[in-house]
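Please open the model in your viewer and keep the sequence panel beside it. The tour below moves from one selection to the next and says what can be found at each stop.

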Amino acid sequence: MPQKPNLARELSLLLALATLWGASYTFIKIGVETIPPVTLIAARTLIAGAILLAVLRYRQIRLPTDRATWRRFFLQACLNSVIPFTLIAWAEQSVDAGLAVILNSATPIFTFLLTVLIVRHEQVTARKLFGVMAGLAGICLVIGVEALSGLGESLMAQIAIILATACYAGAAIFSKNFKGLDPAVPAAGSLISGAVILLPVSLVVDRPWTLDPSAASVLALLALSAFSTALAFAIYFRLVQTLGSVGTTSQAYLRVPIGVTIGIVFLGESLSPTAWIGLICVISGVAAMTIPARLGTTRERIV
């Protein structure tokens, strides 16, 4: 990892990560049409972990063998894949992909609060505070218009997405424990750990050998695993080391317009004019929370 990463390159990777994860909500929506949530996520983590393991083998990089590192891999898996992936997949059986990505965009807010109240490993600046508030305002506009009208009929699904969002925030902070490792190593290790946890559950709960998934669901699962998981996780662990946990999770604001647009184009979903104003607010939030982090006048402090 370079000592002084190129700002343009890191922000390009942030945009790529937002695009990959923004598309994941549509892939999940298509996947859960004929594949149960637990089995979908078990397959997602298994396929993505296998891809990254093959990449590591090709690059002649070995996974750590000590128990302490693998314990961290399993904890990271729970925070970053097992719990949030499953909650979101379950929720998207009744919630639109666009609404899911909007609700999930609160990750930087939870990360910011955790760093302020508990961890304190990143500097709290006026710009970051403004970014959180701008993003929160945008989310409130969107949810106020699009979500509250259906709060009663899908309340539990929406709460599940918020819980997944909090897990992502914890994962972003905990991933600091993998500093110094090649980004693909914790990505592969955590995904393999996630598969180890979820596969037995899938076998017992869903009996996947009895399922008859559609071709569209299978293709969505493959795209979700290869691009929105394997590739995205490798980028994610790199950005945590260069932009910090708050800067990296702020891609959630970027993936809002991306994810919503994908849902509109491919799933026929729609948003109101007020919701689009909210999207402008969240884009302003990501600019305030990421760009200053790489400028010389505002530096993150790692304790």
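Which backbone oxygen lies 3.4 Å from a polar atom of the side chain of Gln76? Before turning to the reply, please bear in mind that this is a predicted model, so everything on this tour describes a prediction.

**First stop: Gln76**

Select Gln76, which you will find in helix H3, the helix that covers residues 67-91. The oxygen in question belongs to the backbone of Ala171, and 3.4 Å separates it from a polar atom of the Gln76 side chain. Gln76 has a relative accessibility of 0% and therefore counts as buried, since the cut-off for that term is under 20%. If you now display its surroundings, leaving aside residues up to four places away in sequence, you will see that Gln76 touches Ser81, Ala171, Phe174, Ser175, Phe178, Ser190, Tyr236 and Phe237.

**The whole chain**

Zoom out and colour by secondary structure: the chain comes to 12 helices and zero strands. Of its 303 residues, 53% count as buried, and the accessible surface comes to about 13300 Å², of which 67% belongs to carbon and sulfur atoms. Among contacts with a separation of 6 or more, 90% are between residues 24 or more positions apart.

One such pairing across the sequence can be shown by selecting Ile258, in helix H11 (residues 251-267), together with Leu15. The two are 243 residues apart in sequence, yet their C-alpha atoms are 9.7 Å apart in space. Ile258 touches Leu15, and also Ala18 and Thr19, when residues up to four places away in sequence are not counted.

**Glu92 and helix H4**

Next, select Glu92, which lies in the loop between H3 and H4. Which side chain of opposite charge is nearest to Glu92, and how far away is it? The nearest is Lys29, at 5.5 Å, and Glu92 is buried yet has no salt bridge. With residues up to four places away in sequence left out, Glu92 touches Tyr25, Ile28, Lys29, Val32, Ala97 and Ala100.

Two of these names, Ala97 and Ala100, lead on to H4, where both are listed among the buried residues. Select residues 97-104 to see the helix as a whole: eight of its eight residues are buried, so H4 is largely enclosed by the rest of the structure. Besides the two alanines, the buried residues of H4 include Gly98, Leu99, Val101, Ile102, Leu103 and Asn104.

**A nonpolar patch on the surface**

Switch to a surface view and select Trp90, Leu155, Met156, Ile159 and Leu163, which make a nonpolar surface patch of about 480 Å². The largest share of this patch, four residues, comes from helix H7 (residues 155-174). Trp90, by contrast, is found in helix H3, and its relative accessible area of 41% makes it partly exposed.

**Two loops with positive phi**

Most residues other than glycine have a negative phi, and the tour ends with two residues to set beside that rule. Gln60, placed in the loop between helix H2 (37-58) and H3, has a phi near 60°, a positive value. It counts as exposed, because its relative accessibility is 73%. Finally, select Arg207 in the loop between helix H8 (184-205) and helix H9 (215-242): its phi is near 45°, again a positive value in a residue other than glycine, while a relative accessible area of 48% makes Arg207 partly exposed.

Conventions. Residues numbered from 1 in each chain as written. Predicted model: local features only at pLDDT ≥ 70, side-chain atom pairs only at ≥ 80, totals over all residues. Heavy atoms only, no water. Buried < 20%, exposed > 50% of the residue type's maximum accessible area, 1.4 Å probe, protein only. Polar contact = N/O pair within 3.5 Å; in protein donor to acceptor, adjacent residues only side chain to side chain. Contact = heavy atoms within 4.5 Å. Lys, Arg positive; Asp, Glu negative; His and termini not counted. Salt bridge = Lys/Arg side-chain N within 4 Å of Asp/Glu carboxyl O. Patch = residues over 30% accessible without salt bridge, like charges linked within 9 Å, V, L, I, M, F, W, Y side chains within 5 Å. Areas by Shrake-Rupley, 256 points an atom, 1.4 Å probe, with all protein chains shown as cover.
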